[in-house]
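Visitor: I'd like a close look at a single part of this protein, please. Could you pick one strand, walk me along it, and then show me what lies around it?

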Amino acid sequence: LDAVLAGGGWDVGETFEGPPQPTDPIRLGRNVCYVVLAVLFNEEGEVLLVQEAKPECRGRWYLPAGRMEPGESIVAAMRREVKEESGLECEAITLLALEERGPTWIRFVFLARPTGGTLKTLEEADAESLQAVWWSGDPRALPLRALDILPLLDLATRYRRSPPHPPTLPHELPCASLCLRLLVAFTNDTGDLWVLLGTTGTPHLPVVACGMSPAELRGGLRLPALRLLRDCLSPDPQPGPLGLLGLQHRAGGPEGGADGICFNILLSIPPSKPGAVPPELCSPTFRWWHVEEERLRGQILQRFRGGSTVPI
């Protein structure tokens, strides 16, 4: 719990709660696509925009973004894309958001700061981009490649003004599969707090795998979490929104180069009435752990009150 709450990671192991059990390793370019996107501001508060060179959107403007390549870490991919498209070096500050269209397409949105380099000019145009600029006006005044960057710019502006969550960056630990480690918390109006534990072997935070069937892909990252809760809780739970505490990934990974990721997810079960206790468990492989240690209890409560996680 200390590692996960601090944005770190933990060994995933080879056993998962409930179906599906992973089969084939996750491999970039074969069964998943990871995309990185960066929001950078300069000291004057101007945002970095790049002009696209791709034939389908040539001349339009966007944030630096692109696909991860096999063998890259997530942060290294972000820095490469910023360098190729804008000419600038940068360092990551935090993940701003995790966007997904099911487990096979995931985009990591970063807030980053420039550390060197020079802006690409039209004379230096290449296949990556035509040019880059620091833009001080409303981005909607430009012909944008897509409007999906507007809420991300708002998110970055709010984070710079008042960070809602601690800086969160990928933790370098291997993972062969795409999976979720779940911190499922239940609290009532008196401040009592319980955390759901898996009890097979050493008590642990439950880990569930993301399936790759068409139905599972349509359900997104929320589906494996809901499936676990419906299997172990009675009655049918109505959890709050998912929040990301952190993630772990190692480029190349184990087992001949797997590109899996474990997402550490915070999920709350709202109480049904004042003074409520956690819903009854209908599976002997889980238990509710009453968190009595004040420091740990305070850390967990702080993270799921006030949106103190990376939004998914």
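Guide: Happy to. Let's start at Arg181, which stands opposite Val207 in strand 10. Please keep in mind that this is a predicted model.

That pairing belongs to strand 8, which runs antiparallel to strand 10 (residues 207-209) over 3 bridges. Strand 8 itself covers residues 178-187, and 10 of its 10 residues are buried. In a regular strand the side chains alternate between the two faces of the sheet. You can follow that here: Leu178, Leu180, Leu182, Val184 and Phe186 point one way from strand 8. Cys179, Arg181, Leu183, Ala185 and Thr187 point the other way, and both sets are buried. So Arg181 is a buried residue, on the side that also takes Cys179 and Leu183.

Strand 8 has further partners. With strand 13 (residues 261-269) it pairs in the parallel sense, over 9 bridges. If you want a residue to click on, Ala185 has Ser268 as its bridge partner in strand 13. Strand 9 (residues 193-198) is antiparallel to strand 8 and is joined to it by 3 bridges. There, Thr187 has Leu193 as its bridge partner. Strands 8 and 9 form a hairpin with 5 residues between them, and in it Gly191 takes a positive phi near 90 degrees.

Now back to Arg181, and to the open space beside it. Arg181 is one of the residues nearest the centre of the largest pocket, together with Trp10, Pro203, His204 and Leu205. This pocket has a volume of about 470 Å³ and a lining of 19 residues. Sorted by class, the lining holds 11 nonpolar, 4 polar and 4 charged residues.

There is an enclosed space to look at as well. The whole structure has 1 cavity of 30 Å³ or more, and the volume of the largest cavity is about 30 Å³. Its lining is made up of Pro103, Cys210, Gly211, Glu216, Gly220, Leu223, Pro224 and Arg227. Helix 5 (residues 222-232) gives the most to this lining, with 3 residues. By class, the cavity lining counts 4 nonpolar, 2 polar and 2 charged residues.

Since cysteines have come up along the way, here is how they stand. A search of the whole structure finds 0 disulfides. Take Cys33: the closest cysteine sulfur, in Cys57, is 15 Å from its own, which is too far for a bond. Cys33 counts as buried because its relative accessibility is 13%. Cys282 is in no disulfide either, and the nearest cysteine sulfur, that of Cys232, is 6.5 Å away. Cys282 counts as partly exposed because its relative accessibility is 47%.

One last stop, for a helix to set beside the strand. Helix 2 (residues 74-86) has 13 residues and reaches 18 Å from its first C-alpha to its last, close to the 18 Å expected at 1.5 Å a residue. An α-helix has 3.6 residues a turn, so residues three or four places apart point the same way. The buried residues of helix 2 include Ile74, Ala77, Met78, Glu81, Val82 and Glu85. Arg80 and Ser86 are buried too. Just after helix 2, Gly87 takes a positive phi of about 90 degrees.

Note on methods
Residues numbered from 1 in each chain as written. Predicted model: local features only at pLDDT ≥ 70, side-chain atom pairs only at ≥ 80, totals over all residues. Heavy atoms only, no water. Disulfide = S-S within 2.5 Å. Buried < 20%, exposed > 50% of the residue type's maximum accessible area, 1.4 Å probe, protein only. 1 Å grid on protein atoms, 1.4 Å probe; cavity = no way out; pocket = protein on both sides within 12 Å on 5 of 7 lines; lining within 4 Å. Points joined across faces, edges and corners; volume = space filled by probe spheres on them. Nonpolar A, V, L, I, M, F, W, Y, C, P; charged D, E, K, R; others polar. Helix = DSSP H or I, 4+ residues; strand = E, 2+ residues; numbered from the N terminus. Expected span 1.5 Å × (residues − 1). Pairing = 2+ DSSP bridges.
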